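Here are some notes for a colleague who is opening this structure for the first time. They are set out as numbered points, to be read alongside the sequence and the 3D view.

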Amino acid sequence: MEFPSPVALPTDRPALRWGIAAPGDIAGTFAAGVNAYGSQQLSAVGSRSLERATAFAETHSIDNAFGSYEELFASDIDVVYIANHIDGHLDLADMALEAGKHVLVEKPMHYSPQRVRETFARAADRGLFITEAMWTRYLPQSSVMGQIVGSEQFGQPDALIASFAVDNRGIGRLWEPGTGGIVYDMGIYPIALAHDIFGKPTSVTAIGRLTDAGLDEGAVVQLNYASGATATLIISGVASFPCQATISGQHQALTLEHPFFVPTAVTVSDKELYETSSTWRDGTGVSGHDGLYYQAEWCAHYISQGLTESPIHTHDEIVTNLEVAEEICRQLESRPWL
């Protein structure tokens, strides 16, 4: 088949001055991708430790390092990328908004949907842009997928199965209240993908297992939708399975190859047992988590347009996805936010 072209990055995106709040591992990955591929300017980094901020600035060629978040937000930046732990995301986001800065918050935005609503309202009152860093939404494959799914040739999508299952027992923060939880940290990807295809579910059913400390270790989730569609999500921080996602439509099926949440291939097939298929591959040369840079480029474009939220990852969607994660944890009797 002939695949549609991915939506190109907008040519009118300005090179904004970015600050990075909390120079941890994911912030380093973000900075490396932006420096390697992007047009955005990494101008400053802030941490509670000046030594840590300075080391990060030297590694990533950033001019200004600050030993407090207050100094970072008071500096001459346009937008801030917030990358501390989940339970502290909105504390820093609220501070940045009060300082008049646009905000990109690492996913998941928070454990509490209500707290997220309050921060969104604060941003709207100030006319400032804020969004969650659901970076997969901005990858080339997402626009290819979006043009195929629901097309006449593909037909109405009616089922999805997505897996994010990796043995991450070596990542300590995932297993601590306030900093992790497998459903929130890993499961948010398939949850967001299901919303992208089907919208808000009408019901959530989850079964799973908890750690000895009472945190979710993994889950199998079924989401049902008013259209009759279903989404099955396999989430685990212990088991390892191919992290693929397949959407079944009336006439065809589409698979995002492993791992589906980084720049990857898109395969479209018929629905026969011995299928006939065609594959589109990302030819940009951007691989793995370097794809984080795309979200910074699109955020700059949206900010230049005067928007206060991402039109392809809206505030309503962000809140809905967190409500789904919250309900999964409620059914599992996991409380990662404690």
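**Notes on the sheet, its helices and the pockets**

1. A convenient place to begin is a single pair of residues in this predicted model: Phe164 stands opposite Ile235, which belongs to strand S10. The strands concerned are S7, residues 157–165, and S10, residues 230–236, which run parallel and are joined by seven bridges.

2. That pairing is part of a wider arrangement, an open sheet of eight strands with mixed pairing, whose order is S8-S9-S10-S7-S11-S12-S13-S14. Its edges are formed by strand S8 (203–210) and strand S14 (277–280), each of which pairs on one side only. On average, and ignoring direction, neighbouring strands of the sheet are turned by 10° against each other.

3. Two helices should be viewed together with this sheet. Helix H6, residues 140–148, lies across strands S11 (245–249), S12 (253–256), S13 (266–269) and S14, and runs at about 175° to S12. Helix H10, residues 315–332, packs on the sheet by touching S8 and strand S9 (216–224), with its direction at about 50° to that of S8.

4. How many of the 11 residues of helix H8 (188–198) are buried? The count is 10, so that the helix is described as mostly covered, taking buried to mean under 20% relative accessible area. Among the buried residues are Ile188, Tyr189, Pro190, His195 and Phe198. After H8 comes Gly199, which has a positive phi, near 90°.

5. Thr131, in strand S6 (residues 130–133), deserves a separate look. Thr131 counts as buried because its relative accessibility is 0%. Leaving aside residues up to four places away in sequence, Thr131 touches Val103, Leu104, Val105, Met109, Tyr138, Cys299, Ser310, His313 and Ile318.

6. The largest pocket holds about 930 Å³ of space. It is lined by 35 residues, and the closest to its centre are Asp25, Ile26, Ala83, Arg173 and Asp185. Helix H1 (25–37) and helix H4 (89–98) are the elements that give two or more residues to this lining, with the largest share, three residues, coming from H1. The lining of the largest pocket divides into 16 nonpolar, 11 polar and eight charged residues.

7. The second largest pocket, with a volume of about 390 Å³, has 20 lining residues, of which Val7, Arg137, Ser142, Ser143 and Ile312 lie nearest its centre. Here H6 appears again, giving the most to the lining with five residues, while H6, H8 and helix H9 (293–304) each supply at least two. This lining comprises 14 nonpolar, four polar and two charged residues.

Notes:
Residues are numbered from 1 along each chain as its sequence is written. This is a predicted model: local features need pLDDT of at least 70, side-chain atom pairs count only at pLDDT 80 or more; totals for chains, interfaces and linings use all residues. Side-chain values use heavy atoms; hydrogens and water are left out. Two strands pair if DSSP finds at least two bridges between them. Helices (H or I, at least four residues) and strands (E, at least two) are DSSP runs, numbered from the N terminus. Axes are lines fitted to C-alpha atoms, for helices over the stretch in contact, and angles run from 0 to 180 degrees between N-to-C directions. Contact means heavy atoms within 4.5 Å. Buried means under 20% relative accessible area, exposed over 50%, partly exposed in between (1.4 Å probe, protein chains only). On a 1 Å grid over the protein atoms alone, a cavity is a set of points where a 1.4 Å probe fits but cannot get out, and a pocket is an open set with protein on both sides within 12 Å along at least five of seven lines; lining residues have an atom within 4 Å of a point. Grid points are joined across faces, edges and corners, and a volume is the space filled by probe spheres set on the points. Ala, Val, Leu, Ile, Met, Phe, Trp, Tyr, Cys and Pro count as nonpolar, Asp, Glu, Lys and Arg as charged, and the others, Gly among them, as polar.
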